[in-house]
Amino acid sequence: MSDSYAVVGNPVEHSRSPAIHAMFAAQTGQQLTYERLLAPLDGFEATLRAFAAAGGKGCNVTVPFKFDAFALAAVRTERARLGGAVNTLRFDADGWTGDNTDGAGLVNDIQRNAGRTLAGLQVLLVGAGGAAAGVLGSLIAAAPARITVVNRTVDKAQALVAGHAHLGVPLHAATLADAPAEQDILINATSTSLAGAASPVDARVLARGALALDMMYGPKAQGFLDWAAAHGAEPRDGLGMLVEQAAEALFFWRGVRPETAPVLKTMRSELGEAL
Ligand code: ATR
């Protein structure tokens with residue numbers, strides 16, 4: 001019999017995770033099903049409990065429930081604790097374990113798929129909401145020379161930096177206007193793309209040949225990607241991060257590591273995008 005998994009969110013119908021996990025399962029010979037589960041905004045826990053009671057083994061969690069998932073986990077991995085959010089739950093017999101695979105997904109995409117080793121580089125993380133918080137710990141673990149977190153509301157950037165200050169990489173917080181120039185890696189973790197904005201920061205932040213990554217993918221990311229290309233950076237959307245975080249989730253659930261490159265290639269061609 002197949003083990004069942006799901007992605008739980010609201011909305012959730014846009015999620016590409018079922019397609020990604022179907023490809024991983026076929027490639028690794030894992031017997032599993034993976035579905036979309038729409039939870040009412042006030043019914044996340046009830047939806048999860050019903051799914052687990054029906055035999056569900058675990059789930060991914062997407063907007064707006066990553067903080068609720070954190071609260072529901074009896075045990076949390078270190079990287080989930082650092083980010084204060086959970087995007088992956090495993091329903092163990094003795095309790096639910098919460099993990100956050102977003103940061104590892106981002107780092108693996110940058111290092112393996114985009115071919116940029118983060119060690120020694122200058123990194124600019126734009127945003128200080130849930131998406132930024134979820135990845136900062138993993139970025140630090142990759143040992144860049146410095147990470148600057150900039151945000152429209154600078155207090156939030158300062159709080160995020162303070163929560164990670166003990167981890168050994170120089171961290172700075174600043175306003176969007178005070179973002180440092182000539183950064184090697186720019187990561188847009190704001191929701192500005194949703195409003196069709198090009199970039200929340202000025203092009204002077206880009207070092208020559210910088211990698212400029214937006215965590216969004218599809219049409220939402222296009223304004224940022226066009227802006228990055230127009231200023232000589234290498235544009236990258238969030239599709240690789242999505243595939244890599246899914247691979248981390250599969251490993252967390254079942255101890256199996258799928259090959260991500262062929263899956264990313266298929267997803268890319270299905271989306272009909274060049275990047
Ligand atoms: P998510 O979970 O996607 O990170 P969030 O927690 O609401 O969502 O955070 C959204 C991020 O996008 C924040 O960093 C937010 O900046 P503020 O903290 O100042 O609100 C940022 N953001 C949203 N709209 C923005 C805009 N028009 N310009 C600049 N930053 C914006």
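Let me begin with helix α7, where the face turned away from the buried side carries the exposed residues Asp155, Ala159 and Ala162. The model before us is a predicted one. On the other side of this helix, which spans residues 154-164, we find Val154, Ala157, Leu160, Val161 and His164 buried. Viewed down the axis of α7, those buried residues fall within an arc of 120 degrees, so they line one face of the helix. What do the buried residues of α7 pack against? Their partners are the helices α4 (78-83) and α6 (130-141), together with the strands β8 (146-150) and β9 (171-174).

Two of those partners, β8 and β9, lead us to a sheet. It is an open sheet of six strands in the order β9-β8-β7-β10-β11-β12, and its pairing is parallel. β9 and β12 form the edges, each pairing on one side only. On average, and ignoring direction, neighbouring strands here are turned by 20 degrees against each other.

Within this sheet I would draw attention to β11. Seven of its nine residues are buried, so the strand is largely enclosed by the rest of the structure. Its pairing with β10 is parallel and extends over five bridges, and Asn188 stands opposite Asp214 of β11. Strand β12, residues 234-236, also runs parallel to β11 and is joined to it by three bridges. There, Leu213 has Arg236 in β12 as its bridge partner. Helix α8, residues 222-230, lies across β10, β11 and β12, running at about 170 degrees to β11.

I turn now to the nonpolar interior. In soluble globular proteins, nonpolar side chains tend to be buried together. In this model the largest nonpolar core has 29 residues, of which Leu106, Leu125, Leu139, Ile147 and Ile187 touch the most other members. Which elements each supply at least two residues of this core? They are α5 (102-113), β7 (122-126), α6, β8, α7, β10 (183-188) and β11 (206-214). Helix α6 gives the most, with six residues. Ile187 illustrates the packing: setting aside neighbours within four places in sequence, Ile187 is in contact with Leu106, Ile110, Val123, Leu124, Leu125, Val126, Leu139, Leu213 and Met215. Apart from this core lies another, of 22 residues, including Tyr5, Leu242, Leu250 and Leu264.

A record is also relevant to this part of the chain. An unreviewed UniProt entry carries the annotation "domain: Quinate/shikimate 5-dehydrogenase/glutamyl-tRNA reductase" over residues 116-193. Over residues 116-193 the chain is 29% helix and 26% strand, with the end C-alpha atoms 24 Å apart.

Let us move to the other sheet I wish to describe. Six strands form an open sheet in the order β2-β1-β3-β5-β6-β4, with mixed pairing. The edge strands are β2 (32-38) and β4 (75-76), each of which pairs on one side only. Helix α1, residues 17-28, packs on this sheet and touches β1 (3-9), β2 and β3 (56-61); the direction of α1 makes about 175 degrees with that of β2. Helix α9, residues 239-254, lies across β1, β2, β3, β5 and β6, and runs at about 15 degrees to β5. Strands β5 (residues 88-92) and β6 (residues 95-99) run antiparallel and are joined by five bridges. In that pairing, Thr88 stands opposite Asp99 in β6.

On the edge strand β2 we find Thr33. Is Thr33 buried or partly exposed? Thr33 has a relative accessible area of 39% and is therefore partly exposed, since the partly exposed class lies between the 20% limit for buried and the 50% limit for exposed. Leaving aside neighbours within four places in sequence, Thr33 is in contact with Ser2, Asp3, Ser4 and Tyr5. Thr33 and Phe67 are 34 residues apart in sequence, and their C-alpha atoms are 25 Å apart in space.

I close with Lys66, which the unreviewed UniProt entry lists under "active site". Where is Lys66 placed? Lys66 belongs to helix α3, residues 66-72. With 24% relative accessibility, Lys66 counts as partly exposed. Beyond neighbours within four places in sequence, Lys66 is in contact with Val61, Ala85, Val86, Asn87 and Asp102.

Definitions and conventions
Residues are numbered from 1 along each chain as its sequence is written. This is a predicted model: local features need pLDDT of at least 70, side-chain atom pairs count only at pLDDT 80 or more; totals for chains, interfaces and linings use all residues. Side-chain values use heavy atoms; hydrogens and water are left out. UniProt positions are given in the numbering used here, feature names are shortened, and annotations may be inferred rather than shown by experiment. Helices (H or I, at least four residues) and strands (E, at least two) are DSSP runs, numbered from the N terminus. Buried means under 20% relative accessible area, exposed over 50%, partly exposed in between (1.4 Å probe, protein chains only). Contact means heavy atoms within 4.5 Å. Two strands pair if DSSP finds at least two bridges between them. Axes are lines fitted to C-alpha atoms, for helices over the stretch in contact, and angles run from 0 to 180 degrees between N-to-C directions. The arc is that of the directions from the helix axis to the C-beta atoms. A nonpolar core is a set of buried Ala, Val, Leu, Ile, Met, Phe, Trp, Tyr and Cys residues joined through side-chain atoms within 4.5 Å.
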